[in-house]
Protein chains: 2
Amino acid sequence: MKQRSHPHDEGQHLTEQLGATGLRLTPQRQQVYDVLLHKRDHPTAEEVFIRAKKAMPEISHATVYNCLDALVKSGLARQVNVERGATRFCPNMIEHGHFHCSACGTIYDVDLPREIPCVAVPRGFRADGFDVTIHGLCADCAKKK
Amino acid sequence: MKQRSHPHDEGQHLTEQLGATGLRLTPQRQQVYDVLLHKRDHPTAEEVFIRAKKAMPEISHATVYNCLDALVKSGLARQVNVERGATRFCPNMIEHGHFHCSACGTIYDVDLPREIPCVAVPRGFRADGFDVTIHGLCADCAKKK
DNA sequence: GTCAAGATTTAGAATAATTCTAAATTGATT
DNA sequence: AATCAATTTAGAATTATTCTAAATCTTGAC
């Protein structure tokens with residue numbers, strides 16, 4: 001598990017990944033990405049802002065949100081929650097997963113396979129449930145594309 | 001798939017489930033639960049508030065949040081996001097899951113099994129990724145209990 | 001090189017989501 | 001009836017996120 005790779009390669013990689021989504025690599029995006037790589041503790045946008053500000057004092061709030069969006073859109077980072085904004089609720093306690101349509105935002109219940117392979121949690125951890133969320137396009141939105 | 005069960009049994013069931021967590025069944029909690037059961041479209045707290053208000057005009061915002069918390073805590077409803085509040089980010093694009101410690105809130109990366117059984121998405125849906133989140137207690141918090 | 005078009009950043013305002021507070025109410029218990 | 005704890009209420013406060021308009025930067029066409 002190497003923490004840092006060749007600095008050159010990284011810029012290259014970022015440029016490519018962002019480019020494939022029609023976005024540019026900017027110093028701010030680089031910085032925000034570096035913050036994420038540097039301490040992998042799933043920081044909030046606010047945390048990222050605070051950390052990025054140390055190396056780049058003029059960076060703004062909005063830019064951090066923008067950069068995080070850019071990184072997520074181009075597959076360089078993941079957002080731990082299903083989506084930003086309001087939390088959603090569901091009374092279905094039977095084991096099932098959620099399908100989140102990235103176009104219209106609707107969330108559908110989906111069946112999970114009978115056989116759920118057990119996930120190894122670290123020693124000493126006690127698991128008592130799990131969630132599965134699938135991302136993609138629902139039938140309607142897939143058709144429109 | 002029955003939508004409604006015997007009204008009596010339901011009150012009974014709610015009382016038991018809530019009771020097991022040291023909580024009471026109140027008319028407001030009943031109402032909020034009914035809203036969730038009535039239209040299973042993963043509403044936000046605000047949506048639940050609006051719907052509950054129709055049958056119970058004096059219900060307040062804070063109560064809806066309180067009731068949703070109570071239902072989630074006692075296993076009568078699920079919260080679709082990992083947790084309320086700020087969204088978190090992670091630069092690890094290698095397939096992995098997240099472990100969310102419900103005591104301290106920390107999120108840990110966990111390995112997923114090699115063999116991921118394919119999940120059947122409804123006809124016409126196009127999936128392009130998924131997230132797995134496990135809930136429980138991390139080693140430190142499990143020890144403290 | 002220069003210029004126009006478009007992307008990006010900035011500060012700060014605006015909005016949305018959630019939590020907090022203090023007083024009133026309810027219910028169960030003595 | 002008095003007491004205690006849980007719950008609800010309205011509304012304020014806080015936190016998270018998005019928006020806005022102006023400034024800056026890049027890129028590509030000339």
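**Entry 1: the contact between the chains**

I started with polar contacts across the interface of chain B and chain A, and the rule finds 28 residue pairs, both at pLDDT 80 or more. The model I am reading is a predicted one.

Next I looked up which elements of chain B make up its side of the contact. Helix H2 (27-38), H4, strand E1 (78-79), strand E2 (89-90), strand E3 (97-101), strand E4 (107-110), strand E5 (126-137) and helix H5 (139-144) each supply at least two residues. E5(B) gives the largest share, twelve residues. I then sorted the side of chain B that touches chain A by class: 38 residues are nonpolar, 15 polar and 13 charged.

I turned to salt bridges and noted a count of two between chain B and chain A. I looked at Arg78(A) and Asp131(B), whose side chains meet in a salt bridge at 2.6 Å, N to O.

**Entry 2: area of the interface**

How many residues does each chain bring to the contact? I find 66 from chain B and 66 from chain A.

I then looked up the area. Between them, chain B and chain A bury about 6,000 Å². Carbon and sulfur atoms carry 60% of that. On chain B, I picked out His42(B), Arg78(B) and Phe89(B), which supply 17% of the area that chain B buries against chain A. No other three residues supply more.

**Entry 3: domains of chain A**

I checked how chain A is divided. Domain 1 covers 7-73 and domain 2 covers 97-144. Their C-alpha centres lie 27 Å apart.

**Entry 4: DNA strand C**

I moved on to the DNA. Which residues come nearest to DNA strand C? Of the 17 around the strand, they are Thr26(A), Thr63(A), Thr87(A), Tyr65(B) and Arg84(B). I also asked which part of the strand the protein meets. Sugar and phosphate account for 80% of the strand C atoms that come within 4 Å of the protein.

I went through phosphate oxygens of DNA strand C and their polar partners:

- Thr63(A) has a side-chain N or O atom 2.5 Å from a phosphate oxygen.
- Arg29(A) places a polar side-chain atom 3.0 Å from a phosphate oxygen.
- Glu58(A) uses a polar backbone atom, 3.3 Å from a phosphate oxygen.

Both chains take part in the surface near DNA strand C: helix H2 (27-38) and helix H4 (61-73) of chain A, and helix H4 (61-73) of chain B, each supply at least two residues. By class, I recorded six nonpolar, seven polar and four charged residues on this surface.

Conventions:
Residues numbered from 1 in each chain as written. Chains lettered and ligands numbered in written order. Predicted model: local features only at pLDDT ≥ 70, side-chain atom pairs only at ≥ 80, totals over all residues. Heavy atoms only, no water. Near = heavy atom within 4 Å. Polar contact = N/O pair within 3.5 Å; in protein donor to acceptor, adjacent residues only side chain to side chain. Helix = DSSP H or I, 4+ residues; strand = E, 2+ residues; numbered from the N terminus. Nonpolar A, V, L, I, M, F, W, Y, C, P; charged D, E, K, R; others polar. Domains from an automatic or database assignment. Contact = heavy atoms within 4.5 Å. Buried area = accessible area lost by both parts, 1.4 Å probe. Salt bridge = Lys/Arg side-chain N within 4 Å of Asp/Glu carboxyl O.
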